[in-house]
Amino acid sequence: MTTSLDRRLAAVLVLALALAGCASPEKEAAVPDPTGSTGAAPEPSPTAPSPAVSSPATPAPATPAPAASSGRPPLSTTDLPTLRPPTGPPRHPTDQRKPNVLAGRISDGGAGPCYTLVTDDGQEHALYGPDQGTWPAGTWVRVTVGPAPEGVACGPGRLVGLLRIERVA
């Protein structure tokens with residue numbers, strides 16, 4: 001009697017190991033479930049068959065059964081499109097900026113018409129613009145500049161004409 005029980009236990013163990021080998025946890029964890037669950041069903045705990053229940057031993061299947069659908073579309077079998085490597089550096093700059101727009105901090109302000117602007121790279125610009133309002137020192141601004149006016153001295157830095165000024169948050 002124990003020999004038949006040992007054979008049944010061995011057959012159940014072989015079947016459990018064969019089914020466990022068919023599981024693919026990497027593919028299950030690759031795509032998150034939009035409902036928030038992990039998508040993986042809880043694994044059954046292995047239990048020994050009750051000696052009172054007699055069932056014929058079933059042989060292990062020759063080919064693994066297809067996995068149950070988890071409600072997700074199957075993975076694509078085609079390759080993703082890829083860009084070809086560049087043939088050389090770009091012909092034109094990729095981050096084009098307008099040459100007449102500057103941004104920075106007012107270092108010497110007031111009611112105008114002269115202001116001093118210091119850009120992020122440390123360059124000073126003497127701005128001349130009548131009727132542009134009062135801009136206190138320390139204000140971050142973006143300015144549109146034009147040609148320097150003739151015969152005006154507005155302090156340190158490169159002299160430019162102030163066409164428009166706006167506060168930057």
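1. Burial of the disulfide cysteines. In this predicted model, C154 has 10% relative accessibility and counts as buried. Its partner in the disulfide is C114. C114 sits at 27% and counts as partly exposed. The two labels differ because buried means under 20% relative accessible area, while partly exposed covers the range from there up to 50%.

2. The disulfide itself. The sulfur atoms of C114 and C154 lie 1.9 Å apart. The pair links distant parts of the chain, 40 residues apart. C114 belongs to strand 2 (residues 114-119). C154 lies in the loop between strand 4 and strand 5 (158-167). The angle about the S-S bond is -50°, and the link is left-handed. How many disulfides does a search of the whole structure find? The count is 1.

3. Overall layout. The protein chain holds 2 helices and 5 strands. Read from the N terminus, the order is α-α-β-β-β-β-β. Both helices therefore precede the strands in the numbering, which starts at the N terminus.

4. The barrel. The 5 strands close into a barrel, in the order 1-2-3-5-4, with mixed pairing. From one strand to the next, the twist averages 55°. Strand 1 (residues 101-108) and strand 4 (residues 140-146) run antiparallel and are joined by 5 bridges. Within strand 4, V141 is the residue opposite G104.

5. The core. Which residues make up the largest nonpolar core? There are 12: L102, I106, Y115, L117, L127, W135, V141, V143, V145, V160, L162 and I165. Strand 1, strand 2, strand 4 and strand 5 are the elements that give two or more residues to this core. V141 is thus named twice in this note, because the residue opposite G104 is also a core member.

6. L127 as a contact point. Leaving out residues up to four places away in sequence, L127 touches P113, C114, Y115, L117, V143, V145, C154, V160 and L162. That list includes C114 and C154, the two ends of the disulfide. Y115, L117, V143, V145, V160 and L162 are among the contacts of L127, and they also appear in the core.

7. Whole-chain figures. Buried residues make up 15% of the 169 residues in the protein chain. Take contacts between residues at least 6 apart in sequence: 55% of them join residues at least 24 apart. The accessible surface of the chain comes to about 13,600 Å². Carbon and sulfur atoms account for 60% of that surface.

Methods
Residues are numbered from 1 along each chain as its sequence is written. This is a predicted model: local features need pLDDT of at least 70, side-chain atom pairs count only at pLDDT 80 or more; totals for chains, interfaces and linings use all residues. Side-chain values use heavy atoms; hydrogens and water are left out. Two strands pair if DSSP finds at least two bridges between them. Helices (H or I, at least four residues) and strands (E, at least two) are DSSP runs, numbered from the N terminus. Axes are lines fitted to C-alpha atoms, for helices over the stretch in contact, and angles run from 0 to 180 degrees between N-to-C directions. A disulfide is a pair of cysteine sulfur atoms within 2.5 Å. Buried means under 20% relative accessible area, exposed over 50%, partly exposed in between (1.4 Å probe, protein chains only). A nonpolar core is a set of buried Ala, Val, Leu, Ile, Met, Phe, Trp, Tyr and Cys residues joined through side-chain atoms within 4.5 Å. Contact means heavy atoms within 4.5 Å. Accessible areas come from the Shrake-Rupley method with a 1.4 Å probe; for residues, only the protein chains shown count as cover.
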